[in-house]
Structure formats: structure tokens, C-alpha cells
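Work through the exercises below with the sequence and the model in view. Each task is followed by a solution in steps.

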Amino acid sequence: MNKYLILSIFLGLFCTGLSVELPISIEIPIPIFSILYCIVAYAVYKMNIKHVNKNIEAGLLCVGIIVSYWLGAYLGANQLIFMSNGLVVYQLFRLACERTKRQSRLAMLVCLAQVWVGLLIIANFLPFILIFSISIFLLPKALTETENLYFPVRNLFSVFKFPKVHLLPISLVAVLVFVALPRIKLSRSLNPLQNAVAGQGELQKKADTSNSVDGGGERMVFQIEGKQIGYLRTVTLDKFDGLSAWEESTWIQLPDTKRSIWGPIPKDSLERSVKIISTSLLRNSLPVDGRVEKMDINTGNRFYLADGGGALTPLNFHDNPSYRFWTYNEPIPSPMNKKFRKRYLNIGGFEVSNQLKQFLDTQMPKNLTDQETADFLTNYFIDNFTYELGAPKLDRISAIDDFMFNEKTGHCERYASTLALLLRLKGIPSRVVLGYVPREYNNIAGFYNVRTKNAHAWTEAYIQGKGWVQFDATPYEELMPYEEKSLGFTLIESFRYFWFNRIVEFDSEDRSDLIQFSKGIVTPVVNAFINTLPQIVLVCVIVYLVYMIKKNFKKVKLKKKTPKEQKAESMLKARSFYGKLLRSLAKQGYEKPIAWTPNEFAQFLSQQGYPLITEIKSITKTYCDIYYGSKILSEENESVLQAQLAIIAAKK
Amino acid sequence: MRLLTRQLNPTRFGIMTIALSVVAYIAALQAFTNLPLFGLSFLCALQVYNMWMAFRVAGQLKVKAPGDLRGIEGRNLVSSWEIHNPFNYGIGQIRLTSSLGKILEIQYLGPEEKVSLSPQLRLPKRGIYPFSKIQVGSSYPFGLWLSKTPIKLDEKLIVHPSSYPCEVPPASGFEPVVGGRLKSQNKSASGDQFSGVRPMVSSDSIRQVHWKTSAKGQGIMVKEFEEELAGRVGLIFLPQIKNKDSETFENAVRCCSSLMNATQEAGHQLDAIIAGRTNRIQVPPFSDGRDWLDELAAVQASKVGIDMESLLLDVNKLPSKSSICIVALHTPNSELDMIRSLFPKRKVAVYIPESVDNPTLSENVRVYFYNNKEIYRK
């Protein structure tokens with residue numbers, strides 16, 4: 001009784017409930033509204049109302065849609081999607097009352113739309129697989145049920161059974177369509193489905209030498225895939241407050257107008273693919289490494305490379321964008337004008353202490369180039385200082401001196417900011433860069449998990465003829481080691497990565513990769529096939545010949561009879577001949593009594609003076625030899641017997 | 001969409017799902033996840049599957065039409081159609097349609113199942129309709145696409161006029177007939193109704209011997225049966241009509257059909273002629289009278305007046321012992337006068353429309369009136 005249609009309606013209601021997100025945070029996400037809808041639907045279904053006034057139904061439906069539209073705006077959800085909750089009213093009526101054929105079809109259509117809304121909301125693998133599997137099972141049967149309403153039932157035993165073997169071609173076509181569907185992103189301003197909610201960022205945009213840091217946690221920030229991945233920058237701090245703190249100035253976020261990142265893929269560049277997990281930690285920064293030459297992001301937003309070297313884009317709090325970029329690890333030499341040079345040398349009124357001055361004048365070798373100076377200072381810190389998380393706070397006023405000459409220990413920010421200041425004091429433009437260093441590698445899927453504990457700070461110095469060169473003064477041996485996770489964890493992570501990056505965010509680039517990959521497999525196979533075609537044809541011909549020979553041989557073999565068969569055939573023929581003889585003799589008045597043997601009858605005929613006794617005896621002997629002996633009737637014997645019989649039959 | 005002779009078009013529901021798919025696709029492009037496209041792809045796959053299956057089923061379903069396409073107006077076509085599913089899996093949602101309407105609808109056919117089904121086609125008004133082409137359609141399995149294939153038949157659908165119970169027309173020339181409905185005072189050696197036993201005479205066959213009674217020792221007794229008689233009815237239909245009264249004409253045809261049925265029920269022999277035609281149709285007792293019904297299905301009203309000579313010829317074609325029953329659309333005074341004068345001893349009855357007022361007819365003629373549902377005498 002339309003059970004699949006009813007179940008599909010329940011499924012649609014469940015999926016619609018997923019679109020309702022209450023403005024409260026819950027530890028374990030429970031689909032409260034989905035369950036609520038299903039409970040109400042079941043109660044309504046059990047009511048079994050015969051008929052409802054059409055006007056009442058239409059009125060309630062309109063009210064439902066209007067309320068859901070308004071509620072969507074109130075909850076901050078996409079209102080067009082949220083209106084599917086208004087259609088719940090229609091489905092409840094379909095469950096409660098008897099459905100006409102047309103209503104069943106409309107209910108099916110609404111159900112399809114609601115399931116689609118559900119797929120729009122969920123992203124995780126398990127809920128998706130659950131809903132998708134149920135949909136694959138239910139929807140074809142419900143569609144068939146709906147169509148069958150238009151046909152009379154022939155008998156109760158004619159039950160439709162969807163041939164399961166057909167699910168395979170359907171699935172293949174679905175996969176092909178999924179891969180082939182073009183994916184075009186509209187810009188955010190044109191997109192009616194977007195709801196821009198400003199994110200609450202926790203992005204660090206300040207580095208204070210005097211601070212003490214305990215270290216980051218395990219919270220996942222992003223995942224990155226690529227080869228030779230360097231330090232991934234998020235923020236560039238170029239403004240020193242003259243005491244201990246570095247900040248990001250506004251002008252450093254301005255777009256780098258000297259470069260275009262929209263062109264073709266640069267030759268010999270290194271490709272990275274990044275999936276951002278915690279947008280709030282990055283706010284509008286996209287981690288990049290090296291010298292970015294091309295970029296592509298899936299949000300449809302505008303993005304740009306900042307003058308400070310990083311990439312920026314307005315991100316939604318709810319977004320989990322993915323992007324790709326192509327970069328070079330080596331810096332390029334680019335001229336720096338006086339204005340920029342002045343900015344990158346500005347020490348903000350920092351008072352150089354005598355101790356520091358002495359260090360810079362005496363401890364450092366003379367006549368070093370900028371590169372050598374930076375290397376010297378970097379090595380100085382690495383060799384003489386230690387890395388420590390949670391080192392005591394430094395004196396705010398003389399934090400640099402305190403760090404340089406007293407504490408000599410601390411976290412990466414201290415090293416980066418101190419080195420940057422020292423380089424500026426030496427007349428080398430420098431800046432502090434905050435970012436992440438990937439250390440947790442998944443060697444199955446080939447990506448890095450970057451967590452909050454992988455945050456790092458380093459220095460960049462402008463070297464004439466080279467450009468901005470990276471210097472990391474943090475002591476290496478205490479730096480975050482490469483992490484190795486268990487196999488199970490790695491497998492789960494790999495699957496999750498594959499799921500989100502290759503399926504949930506399958507885009508035109510992935511399609512191109514898939515086509516290339518397929519070509520890579522198919523082309524050699526096809527080429528090999530073409531190259532060996534003559535051999536294949538020859539083998540096929542030989543196999544066919546063998547088969548035909550075997551088949552015919554079997555036929556030939558059948559014709560030859562076994563001795564037993566020959567004996568049986570001979571006996572039958574002999575009996576036939578003797579029977580003809582007896583019939584002929586009976587016509588002539590000589591009937592053989594049943595009790596007599598053939599030889600006795602022949603003897604009797606001989607005594608009676610039968611004229612053709614020779615033929616009689618010959619036939620009788622042949623018969624006895626075959627029937628009672630081991631003789632086989634040959635063709636020659638057969639013809640002789642026939643001739644003798646003819647003679648006897650001709651006698652009157 | 002036409003592919004050779006087959007058509008493949010989306011149904012209304014299919015168009016709605018396509019529209020929903022397009023809207024969903026445009027919306028899904030802007031989502032941050034491709035998972036809605038998964039659902040959409042599955043829906044597209046179902047569409048493609050429906051197209052393919054409907055196309056296959058409509059093209060390869062085997063339909064065998066009955067050799068005899070006959071029926072009665074206003075009722076369903078009785079002769080069964082044979083449908084064979086050549087696939088090794090179940091199919092369904094099959095429609096057989098013709099220019100006259102829906103013939104069959106089948107919800108489901110099992111794997112390689114062959115069924116004979118009575119069609120649902122309601123026959124139109126009496127007549128002969130060309131039945132050269134039917135269409136096999138299928139929207140299997142989801143009802144999103146409908147494929148139709150034409151099948152040539154080169155048949156004709158013969159729709160007989162409907163009939164109703166009526167009084168048996170007067171019959172004459174009664175003869176002993178096994179199965180006849182009238183009983184005579186005589187007895188016969190065979191029949192349906194056992195009458196009794198009598199002593200055997202020399203002309204009796206040994207098969208007539210009633211052994212049970214004979215065993216009682218009173219001599220050999222043979223069985224006797226009631227003699228059953230059946231008469232002959234001659235029916236002449238005059239299709240001449242003075243005005244364009246098609247309804248009266250149809251009533252007249254139905255009257256002829258009803259009289260035939262009543263004659264059959266009574267076990268009489270019917271000889272029928274449509275005036276102006278050359279053939280006399282014999283309808284033996286207990287037959288289906290197909291030939292006469294076919295003629296009635298084909299007959300058309302004629303405005304050409306009756307020719308007395310040809311009428312006389314037609315009357316002479318009737319058996320000399322049969323009665324003469326005339327079904328006319330007007331009062332056939334001159335025709336009756338001729339018949340009465342030439343055949344004074346024969347029973348004559350006339351059937352005229354009830355709309356005819358006060359017919360002036362001879363007293364020896366039985367007059368019946370007919371309308372669309374009964375025949376009666378005033």
C-alpha cells in the first residue's frame with residue numbers, strides 16, 4: 001500500500017530537519033528537528049483522516065512557507081533552502097489523508113527536493129552514506145509505486161521487483177554524470193544561496209617578544225598536499241612598536257600589483273592543494289609558502305596576494321574552502337624602493353642599549369654582506385640559545401636585552417622578532433612572519449595535517465639581488481619533530497582527506513586530473529592492444545579452430561558404434577528377417593508351433609519336402625548364429641538374407 | 001523524440017523532475033560541497049535508465065492480437081490479447097492504445113511471462129472500424145519517460161449492435177429437431193426429454209432398447225422421447241429511411257439483432273435478408289449468428305425507395321415454410337399488401353418504430369413496435 005512512498009516522505013522530512021540549526025552550540029550534534037518531524041509525521045499518519053478541506057490545506061501550506069522563510073532569516077540560514085521546512089506541511093497532509101494519484105506524484109517531487117536539501121547540508125561521510133544508501137534503496141521503488149498507481153493490479157502475485165542487477169549500470173551512469181557535470185562558481189555577490197556571516201577570528205596578528213607561550217593544541221587548522229612544502233605564512237608583521245611587539249600594518253595587506261596570479265600554470269612550479277578546516281583560526285588568510293605565482297580557490301570569492309607575500313580572501317565563518325596554488329621555493333630578486341625600504345628598516349624609536357650596541361659592533365665580524373650578517377645572527381641564536389615553551393615573561397621595556405643577554409631561551413616568536421630587529425639595526429630590511437610548519441605527514445594519502453601546535457614564527461630579510469629570504473633563528477633540535485601516527489589513524493585520516501577533497505569538493509581540476517589519470521591507464525592499454533593485434537587475432541583464430549575441430553570430432557566419434565550396439569542392432573535385424581520368413585511360410589500353410597525351436601521347424605520342413613529347404617536352413621542358421629551366438633550381421637549377410645527371403649516369398 | 005518509428009518523450013512527471021534537477025543543479029553549483037550533485041547525478045541516472053528501459057520494453061514487447069476483433073457496442077472487447085515479456089526480468093507499466101481508445105494497461109509482467117488478457121476497450125457505436133495500427137507504450141519503471149511503438153495490424157474491428165430481451169418472433173414450418181424448444185404431441189426415438197418406454201417394433205434400433213425395463217420380463221422395451229420441434233423464421237430488414245433519423249435506424253438494427261437472439265433462444269432457424277442485398281443469411285439454432293450480426297454492423301441507411309421486384313426476390317429466397325417478419329423504419333403498407341397477396345397463408349409480422357402513429361395494417365399482420373430497449377405489441 002504505497003509503503004515505499006510513505007517511507008520516502010519520512011526520509012524527506014528527516015532530511016529537511018537537518019536544515020534547521022539552532023543558535024546554540026551542542027557538543028554532540030543531534031538532528032533534533034529531523035527526529036521531531038518524523039515523530040509528528042508518524043502521529044499524523046496514524047490519524048488516518050479521510051478528507052481535508054482543500055482550502056484549509058492550501059492556507060496552512062502558505063502559512064508554513066511564509067513562516068519558514070521568516071524563520072530562516074531569523075536563524076541566519078539560507079532562506080530559499082529553509083523554505084523546504086514549509087513544505088513539511090504538504091507532506092504531513094499527504095500522510096494523514098488519502099492520496100490521489102496526482103498528490104502522490106507531487107509528494108514524490110517534494111520528497112526529492114527535500115532529500116536534495118539534506119545532501120546539501122551534510123558533508124561528513126557516515127551521515128551522507130546513510131542517507132544516500134536509504135535514498136538509493138527507497139526512491140526507485142517509490143517512483144515505481146507512484147507510477148503503478150495508474151495501472152490496474154492484475155493479481156496479488158504480480159509484485160514488482162526491481163532487478164538488482166540494474167543497480168550497477170545506474171550507479172555507473174550516476175558516477176559518470178557526477179564527474180562530467182560542469183562546475184561553475186558564481187561570485188559571492190551574485191550567489192543567492194550565500195549568507196555572509198562575519199567570522200569570529202582568532203588569527204594571531206601580533207608577536208610580542210616579552211610574552212610567554214605554552215604551546216598550541218591539537219586542533220586541526222588545515223590540510224595541505226604537495227611536495228617540498230616549506231614554511232606556510234599567514235601573517236606578515238612589519239611594524240615594530242619600539243619595545244617588544246610586532247604588528248601588521250594596513251599597507252602590507254594591500255594587493256601586490258606587480259604580480260598576476262590568474263595566468264596559466266607556471267612552468268616547473270610546485271603545486272599545493274590546501275583544505276582549510278578551522279576558518280576561524282585563519283580568518284581571511286590563506287596559508288601559502290614560497291613565491292606564489294598562481295592560485296585558485298573554490299569559494300568564488302575574490303582573493304589576492306598581499307604585498308607582504310601572503311594570500312588574502314574574505315572567508316565566511318561557515319566556509320571550509322579549498323584552494324590550490326603554484327609556487328616556487330626560491331625567492332626572486334625584485335627591487336625595493338626607498339619608501340618600502342624605510343618602512344622595513346623602521347625600528348619605531350627603539351633605544352639601542354649599550355650592551356646591544358657592543359654586541360652588534362664587536363661580536364659580529366666586520367665587513368659581512370647582508371646575507372652573511374643574517375646567517376651569522378641566525379646561527380648565533382641556534383648555537384647559543386635554547387627553545388623553551390613557557391619561558392618566563394621578559395621585561396616589557398627591555399625585552400630584547402633581557403632575551404639576548406639574560407634569559408637566552410624562549411619560543412619561536414622571540415627569536416623571530418629579535419632577529420628581525422637586529423637585522424633592521426644592521427640596516428637590512430626585515431620582517432616577522434607568522435605561519436605554520438607542517439610536521440604530521442600522512443604517507444598513505446600524501447598530505448600534511450597542520451594543527452595549532454604547528455604554529456611558528458620566523459624572520460624574512462631583504463637581501464639585495466635575492467629578494468626576501470627566509471631565516472629561522474629558532475633552535476632546530478627543539479623544533480617540532482616530524483610526527484608518526486599509527487596505521488589505523490593514518491588510514492582514517494587518509495579516507496577523510498580523500499572524502500572531503502576528492503568527493504565533497506570534486507571540482508573541474510579534479511575532473512581534469514581524473515581524465516588525465518584515466519588516459520594514463522587507458523592509453524597504454526589501448527596502445528599495447530593495437531601493437532599486439534595481429535598476435536591476438538592469430539590466437540583467437542587458433543582457439544576457434546581448435547574448438548570447431550573438437551566439436552566435429554565429437555560428432556564423428558558418435559557415428560562409430562560400440563560392439564554392444566552393433567550386436568543389438570544385428571539381433572534386431574536377424575529377428576526381423578526370421579519373422580518375415582515365418583510370415584511367408586505361414587501364408588504357404590506352414591505355421592511354426594510356438595514350442596518348436598527354429599532348427600526343429602527347419603527339420604520339419606525338410607521332412608515335409610519343402611522345395612526351398614536350402615534357403616530355409618541358411619536363414620535359420622544365420623538367425624541362430626546372430627541371436628544366440630556372437631555373430632554380427634554384416635552387410636553381405638544382410639543382402640543374402642534379403643535375396644533368400646524374396647525367393648521364398650515369391651513361391652506360391 | 002522520434003527514433004525510427006519509436007517515440008520517446010518525457011511524461012509530465014518527468015518534465016517536473018527535469019525542471020527540479022535543473023534548479024537543483026544551479027543551486028548545487030554554489031554550494032561548498034559536491035554532495036548535492038551526487039543526488040542529482042543519481043536522479044539523472046534514473047532518468048537515463050527510464051529512457052533506456054521504456055525504449056526497450058516498448059520496442060521488444062511481443063503483442064499478439066486476437067484473430068477475431070468483434071464485439072458488441074457499448075461493451076468491452078472480449079477477445080483476449082496475448083502479451084509476452086521476452087526479458088528475463090520483470091517489466092511493467094505497459095499501455096496498449098488504439099485510435100478508438102485504451103486497449104490494455106498492464107502494471108507488471110513477470111520474467112518471460114506470457115499472459116492472455118481481456119482488453120479494456122469500450123466499443124463505440126455499431127459499425128466496422130479500421131484497426132490497422134495500435135501503439136505499445138511503456139514508461140517502465142519510474143514513469144519519467146514514455147516510449148511508444150506502433151504495431152501494424154491490418155485488421156478491422158466489427159462492432160455488432162446491442163440487443164435486449166424480446167418476444168420470440170412468430171415462427172412457422174415446425175419440424176422435429178433435436179434440441180427444439182417446442183414440444184409436439186408425437187414421440188420420437190431421440191431427444192432431450194425422456195417420455196417413457198414402449199414395446200419394441202421391428203423398425204426400432206437396438207440402441208433404443210431400455211434394458212432395465214426389458215429385464216423385467218415383459219418383453220423388449222424401447223425408449224421414447226418427447227418430440228421437439230423448431231420452426232423457421234424469415235426476417236427481412238428494410239433499411240430505407242425517409243428522413244435523417246439515425247437514432248431510429250440504430251433502433252431498427254438493434255431490433256433485428258434482438259429478434260435474432262430471441263429466435264436462437266427459442267431454438268428456431270432464422271433466415272435473414274437485408275432488402276437490397278443479394279445474400280440470404282442462415283442462422284441455425286444455437287449458433288452465434290455472427291454472419292447476420294456482421295451484416296447488421298455494416299448496414300447503412302438507404303434513402304433509395306424499395307423496389308417491389310427485388311423485395312419479392314428477397315421474400316422468395318426465404319424458405320417457403322418460414323414466417324415473414326419485416327423490420328422497417330416506416331409503415332410498409334405497400335410491401336405488406338404485396339406479400340399478403342402473394343403469400344396469403346404465411347405468418348407475417350411487422351416491426352415498426354414506436355414513433356409511427358396508428359399504422360393502418362391488415363388484421364392478419366402482427367404489428368410490433370420497437371424503441372431502443374424493447375419490442376412490444378400494443
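A residue is called buried when its relative accessible area is under 20%, exposed when that area is over 50%, and partly exposed in between, using a 1.4 Å probe and the protein chains only. Helices (H or I, at least four residues) and strands (E, at least two) are DSSP runs, numbered from the N terminus.

This is a predicted model, in which local features need pLDDT of at least 70 and side-chain atom pairs count only at pLDDT 80 or more, while totals for chains, interfaces and linings use all residues. Residues are numbered from 1 along each chain as its sequence is written, chains are lettered from A and ligands numbered from 1 in the order in which they are written, and side-chain values use heavy atoms, with hydrogens and water left out.

**Exercise 1. Describe helix α1(A): its span, its cover and its packing.**

Step 1. The expected span of a helix is 1.5 Å times one less than its number of residues. Helix α1 of chain A runs over residues 3-17, so its 15 residues should span 21 Å; the end C-alpha atoms are 21 Å apart, in agreement.

Step 2. Of the 15 residues in α1(A), 12 are buried, so the helix is mostly covered. Among them are Y4(A), I9(A), F10(A) and C15(A).

Step 3. The buried residues of α1(A) pack against four helices of chain A: α2 (32-47), α5 (88-96), α6 (101-121) and α7 (125-148).

**Exercise 2. Find the strands that pair with β11(A).**

Step 1. Strand β11 of chain A covers residues 322-328, and 6 of its 7 residues are buried.

Step 2. Two strands pair if DSSP finds at least two bridges between them. Strand β6 (residues 270-276) of chain A pairs with β11(A) in the antiparallel sense over 6 bridges. Within this pairing, K275(A) stands opposite S322(A).

Step 3. Strand β8 (residues 291-297) of chain A also pairs with β11(A) in the antiparallel sense, over 6 bridges. Here K294(A) is opposite W326(A).

**Exercise 3. Which residues have the most contacts inside the largest nonpolar core?**

Step 1. A nonpolar core is a set of buried Ala, Val, Leu, Ile, Met, Phe, Trp, Tyr and Cys residues joined through side-chain atoms within 4.5 Å.

Step 2. The largest such core has 103 residues, and those with the most contacts inside it are W81(B), I83(B), I91(B), I94(B), L96(B) and F131(B).

Step 3. Contact means heavy atoms within 4.5 Å. With neighbours within four places in sequence left aside, the contacts of I94(B) include F151(A) in the other chain, together with V57(B), L61(B) and L104(B).

Step 4. A second, separate core has 39 residues, including V235(A), L377(A), F385(A) and L434(A).

**Exercise 4. Where does the backbone take uncommon values, and are those residues buried or exposed?**

Step 1. Most residues other than glycine have a negative phi, and most peptide bonds are trans.

Step 2. D268(A), which is not a glycine, has a positive phi of about 60°. D268(A) sits in the loop between β5 (245-247) and β6 of chain A, and its relative accessible area of 67% makes it exposed.

Step 3. E112(B) has a positive phi too, near 55°. Its place is the loop between β7 (101-109) and β8 (114-117) of chain B; at 53% relative accessibility, E112(B) is exposed.

Step 4. The peptide bond from Y140(B) to P141(B) is cis, with omega near -10°. P141(B) belongs to the loop between β9 (127-138) and β10 (145-160) of chain B.

**Exercise 5. Place two further loop residues, T11(B) and R396(A).**

Step 1. T11(B) is in the loop between β2 (6-10) and α1 (12-29) of chain B. T11(B) counts as buried because its relative accessibility is 16%. Beyond four places in sequence, T11(B) is in contact with G143(B), L144(B), W145(B) and L146(B).

Step 2. R396(A) is in the loop between β12 (386-387) and α13 (399-407) of chain A. With a relative accessible area of 34%, R396(A) is partly exposed. R396(A) and S244(A) are 152 residues apart in sequence, yet 6.6 Å apart in space, C-alpha to C-alpha.

**Exercise 6. Which stretch of chain A has a pLDDT below 50?**

Step 1. pLDDT is the predictor's confidence in each residue, from 0 to 100. Chain A averages 81, and 84% of the residues score at least 70.

Step 2. The stretch is residues 187-201 of chain A, which has 34 contacts in the model beyond near neighbours in sequence. Where pLDDT is low, the predicted coordinates should not be read in detail.
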